[in-house]
Amino acid sequence: MGEFTGKVAIVMGASTAGGMGDATARRLAKEGAKVVVSGLGKAHLEALAKDIGGSAFEADITSEAAVKALVDYTVDTYGGLHIAANLAGLCDRCSIRDITEEHLLKMTKINFFGTVWFVKQVAEQIEDYGAIVTISSLSAHDPISGITAYASAKRGADRFVQAAAVEYRDKRLRINAIIPSTNDTNMLRKGIEEFGGKFEEFIKPFVDLTPLGRISQPTDIAAMAYMMLRDEFFETGQTVNCSGGNALLGQPRIYA
């Protein structure tokens, strides 16, 4: 029996193969949780749910109604909700001089509004003493050029996590965020490819500034999410680095 046997979990942002949400769902299921995976991408969600013995519920995190439907489905299907993780996010590149209202809204709806809707709807129905983890970004704390709207939305989401931890204190909820640096996901590799770059060349400056000698993998983030969702994790309202020490030295200045 795993540590989370008897617990019900939601993992949002699990619709991409090789992503942080995918890895987190697999880790929580391995620890015994009954996991409902969500995001946009029905085919992968259903395949993942089948792999881990859980359920799939496609939902757009930018819609509060959709997130509420996800939580309702989870509680109705499994009789409760104990832990939840939001790994959803999107980072489009755009220089400040080229920022438009459309770009700001896109980044804000996914990365800020999405966090708000997820934490709010989960916190309303999760069992007392439950735990919620969301995903932030090192760019929200260490400036890097070209992703200002994304980073700003993530920083706002971090502040919201702190506020939620205080407001839901009567339920004794642990609400925290993980701050990763560059993470080796299929989405990152695809983005580098689309800009005509080479993966190893792109990540080398990050590796050079990471004391543990490599960038993080989705499984590293999943392990951190697992740790923060455990009953023994006695903290709330915190943003916790998971960057192999990259947060100590900062992001490469060539990208700043």
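**Close-up views of a predicted model**

**View 1. The lining of the largest cavity.** Ser181, Thr182, Phe206, Thr210, Arg214, Ile215, Ser216, Ser243 and Asn246 form the lining of the largest cavity in this predicted model. When these lining residues are sorted by character, two are nonpolar, six are polar and one is charged. The volume of the largest cavity is about 30 Å³, and a search of the whole structure finds one cavity of 30 Å³ or more.

**View 2. The salt bridge between arginine 214 and aspartate 220.** Arginine 214, which is among the residues that line the largest cavity, also forms a salt bridge with aspartate 220, and the closest N and O atoms of this pair are 2.8 Å apart. Arginine 214 has a relative accessible area of 42% and is therefore partly exposed. Aspartate 220 is likewise assigned to the partly exposed class, because its relative accessible area is 21% and the buried class is limited to values under 20%. Elsewhere, salt bridges that share partners join Glu3, Arg230 and Glu232 into one network.

**View 3. Aspartate 231 with lysine 7 and arginine 174.** A search of the whole structure finds 13 salt bridges, and one of them pairs lysine 7 with aspartate 231, with 2.7 Å between the closest N and O atoms. This pair links distant parts of the chain, since lysine 7 is in the segment before β1 (8-12) whereas aspartate 231 is in the loop between α8 (218-229) and β7 (239-242), 224 residues apart. Lysine 7 has a relative accessible area of 17% and so counts as buried. Aspartate 231 also forms a salt bridge with arginine 174, for which the closest N and O atoms are 3.7 Å apart. Because arginine 174 belongs to strand β6 (residues 174-180) and aspartate 231 to the loop between α8 and β7, this second pair ties together parts that are 57 residues apart in sequence. Arginine 174 is buried as well, at a relative accessibility of 9%.

**View 4. The second largest pocket.** The residues that line the second largest pocket are Gln162, Ala165, Val166, Arg169, Arg172, Leu173, Arg174, Phe234, Glu235, Thr236 and Gly237, and the volume of this pocket is about 190 Å³. Helix α5 supplies the largest share of the lining, three residues. By character, the lining of the second largest pocket divides into four nonpolar, three polar and four charged residues. Arginine 174, the salt-bridge partner of aspartate 231, is included in this lining.

**View 5. Backbone phi at arginine 172 and tyrosine 129.** Most residues other than glycine have a negative phi. Arginine 172, which is one of the residues lining the second largest pocket, nevertheless has a positive phi of about 60°. Arginine 172 is located in the loop between α5 and β6 and, at 49% relative accessibility, is classed as partly exposed. Tyrosine 129 also has a positive phi, with a value near 70°, and it is placed in the loop between α4 (101-125) and β5. With a relative accessible area of 57%, tyrosine 129 is exposed.

**View 6. Aspartate 158, a buried residue without a salt bridge.** Aspartate 158 is part of helix α5 (residues 148-167). Aspartate 158 is buried but takes part in no salt bridge, and the nearest side chain of opposite charge, that of arginine 155, is 5.3 Å away; this distance is outside the limit because a salt bridge requires a nitrogen within 4 Å of a carboxyl oxygen. If residues up to four places away in sequence are not counted, aspartate 158 touches Ser136, Ala140, His141, Ala177 and Thr239.

**View 7. The surroundings of threonine 134.** Threonine 134 is situated in strand β5 (residues 131-135), and its relative accessibility of 2% means that it counts as buried. With neighbours within four places in sequence left aside, threonine 134 is in contact with Asn86, Thr115, Val119, Val161, Asn176, Ala177 and Ile178. Ala177 is also listed among the residues touched by aspartate 158.

**View 8. Glycine 19 in its loop.** Glycine 19 is found in the loop between β1 and α1 (20-30) and, with a relative accessible area of 9%, is buried. Not counting residues up to four places away in sequence, glycine 19 touches Thr185 and Pro218. The C-alpha atom of glycine 19 is separated by 14 Å from that of alanine 225, a residue 206 residues apart from glycine 19 along the chain.

Key: Residues are numbered from 1 along each chain as its sequence is written. This is a predicted model: local features need pLDDT of at least 70, side-chain atom pairs count only at pLDDT 80 or more; totals for chains, interfaces and linings use all residues. Side-chain values use heavy atoms; hydrogens and water are left out. On a 1 Å grid over the protein atoms alone, a cavity is a set of points where a 1.4 Å probe fits but cannot get out, and a pocket is an open set with protein on both sides within 12 Å along at least five of seven lines; lining residues have an atom within 4 Å of a point. Grid points are joined across faces, edges and corners, and a volume is the space filled by probe spheres set on the points. Ala, Val, Leu, Ile, Met, Phe, Trp, Tyr, Cys and Pro count as nonpolar, Asp, Glu, Lys and Arg as charged, and the others, Gly among them, as polar. Helices (H or I, at least four residues) and strands (E, at least two) are DSSP runs, numbered from the N terminus. Buried means under 20% relative accessible area, exposed over 50%, partly exposed in between (1.4 Å probe, protein chains only). Lys and Arg count as positive and Asp and Glu as negative; His and the chain ends are not counted. Contact means heavy atoms within 4.5 Å.
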